[in-house]
Amino acid sequence: MESNGELKRTHKCGELSLDNTGQDIVLMGWVKKRRDHGGVIFLDLRDRSGVVQVVVSPDINVDAFEMADGVRAEYVLAVQGEVRKRPPGTENPKMATGDIEVIAHDIRVLNTARDLPFYPGDAAGVDEALRLRYRYLDLRRPEYWHIFSMRHKAAAIIRDFLSKNGFLELETPLLTRSTPEGARDYLVPSRVHPGEFFALPQSPQLFKQILMIAGFERYFQFARCFRDEDLRADRQPEFTQLDIEMSFVDEADVQELIEEMFVHLFKGLLGIELTRPFPRLTYQGAMARYGTDRPDLRFGLEIVDVSRLLTDSGCRVFADPIKKGGVVRGICVPGGAVFSRKVLDELSALAVEWGARGLAWFILGEKGIRSPLLKLMKPEEVDSLVAEMGAKTGDLLLFVADQSKTAEEVLGLLRLELAKRLNLIDTGVFSFVWITDFPLLEYNEDEQRLEAVHHPFTSPKEEDLPLLETDPERVRARAYDLVLNGIELGGGSIRIHKQEVQKRLFSAIGLKEEDVQDKFGFLIEALEYGAPPHGGIALGFDRMMMTILGLSTIRDVIAFPKTQSATCLLTSAPAPVAEKQLEELYIRTALDEESDGEN
RNA sequence: GGAACUGUGGUGUAGCUGGUUUAACACACCGGCCUGUCAAGCCGGAGAUCGCGGGUUCGAAUCCCGUCAGUUCCGCCA
């Protein structure tokens, strides 16, 4: 290996053009490809800016030629030479720098590379486990540099926007305390306090509220958050949240700020003009029309309630569930009459898998309506259904009769499935929607108690406050979620800033007074010292970038992601630690006892 | 905790209704030839016992069970 000696990099590979013709330059980068023609060697040299062809000929410099002879893919080189217009007929229109090439006068190997487990150029087709183990090779790809430069740019635009709007970027602790509610915590043992643990934050929620009490008025942070729950394609145990909090605001203030931020972001990042305001749907409306609280509004296929038309139906498939307090809801699929019996059977099977008893279908064919249920129904009943659904010849009607929750969920999933099958989703479209009026609390069957739908610091709507003790599940929250293309980017709320209300809420979710003091005493206390009205939002930054860039996994926007079993294949974390470390922390694992028990 | 899919030289795949393959092909790798290629080309070569363990069988990459790893989904994720 040779040192780069006195050579200094003067140019970037991808930035060279005919303008540089005749210049004596020094490049540094990786060998993407070596083509040896015996008498002349071509090296494609890559750095972050791009690729350029280096020509090494013994006629120019024998030393350089001999050096190039031993060079292999992914060697790191310094190349000194002259930029030249390529000889006529040898230009490569597929390369950005295809009009020129660099004639090597001097080549120095800054570092060699072994045979690689895979080459960056092939990485797209390589097993993901291998790519994660050699993540540095996987990341040695222009696709990733683009993703991460977009991520960087997005963060920069947001920082700039928020700074100009009076927000301070502040940091909050990673070593904090475990609080009840929410996800499972990642714990960090305290050496100084044996037997006691810090928790890594699931979000900086309480700290940002306390910053408001401290009078900062406008705060933001790209906050690392940790949740020890199972992973998904769009969920990592460690992720980044764009965390924002403001004082003296209401829901509309937060929403307007965020909309304006996204307008800036999309313009700066993608050159796309978003239209404001974003549509708003109530939670109930979203559930009724789309069967989910994160509807994808890029296509129609809305759910329609037809229960009132079928209460007295002779068809028991419909009438019976309604009698038991259920509903009949359906979707009109324009052009769906072309679906084969096989497809309808598949859709029915899916509906059953999702919890429905079955799927009723009506095909509005050229020769009339077809349905297994037709002979069980009065013609005028069928006509009224068709009219209510706004269906016309060529359409397909699908119905689920069940309890409203089941019917909504099944039709919501069916709606997505149909959109996929009919290719109704325009991937170039960005469809934002605010979901509002969430219930504040919901009953958790497993734990036999009420829980906060968002978190227990969310303010109830003023007018629903009296219901907190009498009919808590009917209390609506001053909360809002932001949804993009059917993906929940995040949510926020106006917080409780009155101690009395906060205590009532803790009480409603069954937290005992002493627990409140123990776990949240600092907050309760802070609320007594002039806490301003405040609210904010937290947006999943990784998920946001994934959605904006049209990627199918969050791992692609995280440089060093975890596998589905929450391990890092690059570092092999987590891993056992030395006995001494455990002793210092007064920790003994239960593993030994367990294996003893099994043996 | 549960379900599904995947696991064959360095990489990507084929084989997988059990035995005519000494497990095939492409790329990469090694050696040779070659002064204009950019998916360079031509000739030659090395390299896998089929994730791991067990079972069925005269015989297993191929069937069965278990297990590990990766992925997707359900539960979970205030």
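Reader: What makes E346 and K342 about one turn of the helix apart?

Author: In this predicted model, both residues lie in helix α10, which spans residues 341-353, and they are 4 residues apart, about one turn of the helix.

Reader: Why is the pair E346 and K342 called a salt bridge?

Author: The closest N and O atoms of E346 and K342 are 3.4 Å apart, and a salt bridge requires a side-chain nitrogen of Lys or Arg within 4 Å of a carboxyl oxygen of Asp or Glu, so the pair meets the definition.

Reader: Why is K342 called exposed, and why is E346 called partly exposed?

Author: Exposed means over 50% relative accessible area, and partly exposed lies between that and the 20% under which a residue is buried. K342 has a relative accessible area of 58%, and therefore counts as exposed, whereas E346, at 30%, counts as partly exposed.

Reader: Which residue forms a salt bridge with D138, and how do you know that the two meet the cut-off?

Author: The partner of D138 is R135, with the closest N and O atoms 2.9 Å apart, and this value is set against a limit of 4 Å, so the pair qualifies as a salt bridge. D138 and R135 are separated by about one helical turn, because they are 3 residues apart in helix α3. Both also belong to a network of salt bridges that links R131, R135, D138, R141 and E143.

Reader: Are D138 and R135 buried or exposed, and how do you know that?

Author: Buried means under 20% relative accessible area; D138 stands at 0%, so it counts as buried, and R135 stands at 2%, so it counts as buried too.

Reader: What makes R298 and D296 a salt bridge, and why is D296 called buried?

Author: The side chains of R298 and D296 meet at 2.7 Å, N to O, which is set against the limit of 4 Å. D296 has a relative accessible area of 4%, and therefore it is called buried. A search of the whole structure finds 52 salt bridges.

Reader: Why is helix α16 described as largely enclosed by the rest of the structure?

Author: Helix α16 covers residues 541-548, and 7 of its 8 residues are buried, so the description follows from that count. The buried residues are F541, D542, M544, M545, M546, T547 and I548. Just after α16, G550 takes a positive phi of about 70°.

Reader: Why is Y136 called partly exposed, and which residues form a nonpolar patch with Y136?

Author: Y136, whose place is in helix α3 (residues 135-138), has a relative accessible area of 45%, and so it is called partly exposed. Together with F560 and L570, Y136 forms a nonpolar patch on the surface, with about 290 Å² of accessible area for the three together.

Reader: Why is S384 called partly exposed?

Author: S384 has a relative accessible area of 25%, so it falls in the partly exposed class. S384 lies in helix α11 (residues 379-389), and S384 and L310, which are 74 residues apart in sequence, are 9.6 Å apart in space, C-alpha to C-alpha.

Reader: How do you know that Q53 and R86 make polar contacts with RNA strand B?

Author: A polar contact is a pair of N or O atoms within 3.5 Å. A polar side-chain atom of Q53 lies 2.7 Å from a base oxygen of the strand, and a polar side-chain atom of R86 lies 2.6 Å from a base nitrogen of RNA strand B, so both pairs fall within the cut-off.

Notes. Residues are numbered from 1 along each chain as its sequence is written. Chains are lettered from A and ligands numbered from 1 in the order in which they are written. This is a predicted model: local features need pLDDT of at least 70, side-chain atom pairs count only at pLDDT 80 or more; totals for chains, interfaces and linings use all residues. Side-chain values use heavy atoms; hydrogens and water are left out. A polar contact is a pair of N or O atoms within 3.5 Å; within protein, one must be able to donate a hydrogen and the other to accept it, and residues adjacent in sequence count only if both atoms are side-chain atoms. Patches are made of residues with over 30% relative accessible area and no salt bridge: like charges are joined within 9 Å, nonpolar side chains (Val, Leu, Ile, Met, Phe, Trp, Tyr) within 5 Å. Accessible areas come from the Shrake-Rupley method with a 1.4 Å probe; for residues, only the protein chains shown count as cover. Helices (H or I, at least four residues) and strands (E, at least two) are DSSP runs, numbered from the N terminus. Buried means under 20% relative accessible area, exposed over 50%, partly exposed in between (1.4 Å probe, protein chains only).
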